[in-house]
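Me: Please take a close look at one part of this model, the place where metal is bound. Then set that part in its surroundings.

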Amino acid sequence: MTRQRALIFEIMQNHPGHLTADEIFALAKQRMPNIARGTVYRNLKLMEQANEIARLEMPAGPDRFDKTSVPHGHLYCDGCGELQDIPVVGLMRELETAIGTQVRSYQLTIHYLCPACRRKQAQ
Ligand SMILES: [Zn+2]
Ligand SMILES: [Zn+2]
C-alpha cells in the first residue's frame with residue numbers, strides 16, 4: 001500500500017460522513033500538500049475495485065464514497081442532500097424469506113426529508 005493510499009484510507013475511516021472525491025482530495029492536501037488530484041481519484045478507483053470502499057451514485061451531485069463495502073442502506077435527504085447509514089439487516093432477512101434465497105448484494109437508498117429540512121418546510 002502506498003503512502004497516498006494509506007492516507008486516503010485513514011481520512012475516510014476518521015470521517016463520519018460520505019465524502020466526495022474532491023472532499024477527500026481537499027483533506028488529503030492538508031496532510032500531504034503535494035498530492036495530486038489524479039492520485040486521489042486513481043487510488044479511490046483501486047480501493048473500490050479491491051472492495052475496500054464503495055462508490056455511491058447520488059441522485060444529484062457527484063458520487064460519494066463509503067468507507068466500507070459491507071452492504072447497508074442509506075437515508076438520503078431530498079432537501080439538503082445529507083446521507084446517513086441505516087441498518088437493514090432485518091429487512092434483508094424478510095426479503096430472503098420472501099424470495100427463498102440469499103440476497104447477494106443490494107443498493108438501497110431511502111429518500112426522505114431530514115428533521116432540519118422538515119422544520120424549514122413547516123415555517
Ligand atoms: Zn435535509
Ligand atoms: Zn454508507
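Reply: The metal site comes first, and the rest of the chain follows.

This is a predicted model, in which local features need pLDDT of at least 70, side-chain atom pairs count only at pLDDT 80 or more, and totals for chains, interfaces and linings use all residues. Residues are numbered from 1 along each chain as its sequence is written, chains are lettered from A and ligands numbered from 1 in the order in which they are written, and side-chain values use heavy atoms, leaving out hydrogens and water.

Start with the zinc ion (ligand 2). Its protein donors are His18 (NE2), Asp66 (OD), His72 (NE2), His74 (NE2) and Asp85 (OD). They lie 2.1 to 2.2 Å from the zinc ion. Donors here are N, O and S atoms within 2.8 Å of the metal (3.2 Å for Na, K and Ca); water is not among the atoms, so sites may look incomplete. Along the chain, the donors follow the spacing H-x47-D-x5-H-x1-H-x10-D. His18 sits in the loop between α1 and β1 (19-20), and His72 in the loop between β3 and β4, so this pair ties together parts that are 54 residues apart in sequence. Helices (H or I, at least four residues) and strands (E, at least two) are DSSP runs, numbered from the N terminus.

His18 and His72 are both buried. Buried means under 20% relative accessible area, exposed over 50%, and partly exposed in between, with a 1.4 Å probe and protein chains only. At 17% relative accessibility, His72 counts as buried.

His72 deserves a closer look. Its side chain makes a polar contact of 2.9 Å with the side chain of Asp66. The His72 side chain also reaches the backbone oxygen of Val70, at 2.9 Å. A polar contact is a pair of N or O atoms within 3.5 Å; within protein, one must be able to donate a hydrogen and the other to accept it, and residues adjacent in sequence count only if both atoms are side-chain atoms. Setting aside neighbours within four places in sequence, His72 touches His18, Asp66, Asp85, Ile86, Val88 and Tyr106. Contact means heavy atoms within 4.5 Å.

Val70 lies in the loop between β3 (64-66) and β4. Val70 is exposed, with a relative accessible area of 56%. Glu52 is 18 residues from Val70 along the chain, and their C-alpha atoms are separated by 9.0 Å.

Now the sheet. Three strands form an open sheet with mixed pairing, in the order β5-β4-β6. β5 (83-86) and β6 (109-112) stand at the edges with a single partner strand each, so one side of each is left without a neighbour in the sheet. From one strand to the next, the twist averages 25°. Axes are lines fitted to C-alpha atoms, for helices over the stretch in contact, and angles run from 0 to 180 degrees between N-to-C directions. β4 (residues 73-77) and β5 run antiparallel, joined by 4 bridges. Two strands pair if DSSP finds at least two bridges between them. Tyr76 stands opposite Leu83 in β5.

Next, the nonpolar packing. The largest nonpolar core has 16 residues. Those with the most contacts inside it are Ile8, Met12, Ile24, Val40, Leu44 and Phe65. Such a core is a set of buried Ala, Val, Leu, Ile, Met, Phe, Trp, Tyr and Cys residues joined through side-chain atoms within 4.5 Å. Two or more residues come from each of α1 (3-13), α2 (21-31) and α3 (37-49). Beyond its neighbours within four places in sequence, Ile24 touches Ile8, Ile11, Met12, Leu19, Val40, Leu44 and Phe65. A second, separate core of 5 residues includes Leu75, Tyr112, Cys114 and Cys117.

Finally, the chain as a whole. It has 5 helices and 6 strands. Their order from the N terminus is α-β-α-α-β-β-β-β-α-β-α. Of the 123 residues, 31% count as buried. The C-alpha atoms fill a box of roughly 50 × 45 × 20 Å, taken along the principal axes. Among contacts between residues at least 6 apart in sequence, 47% join residues at least 24 apart.

One backbone detail remains. Asn51 has a positive phi of about 65°, although it is not a glycine. Asn51 sits in the loop between α3 and β2 (54-56). Asn51 is exposed, at 55% relative accessible area.
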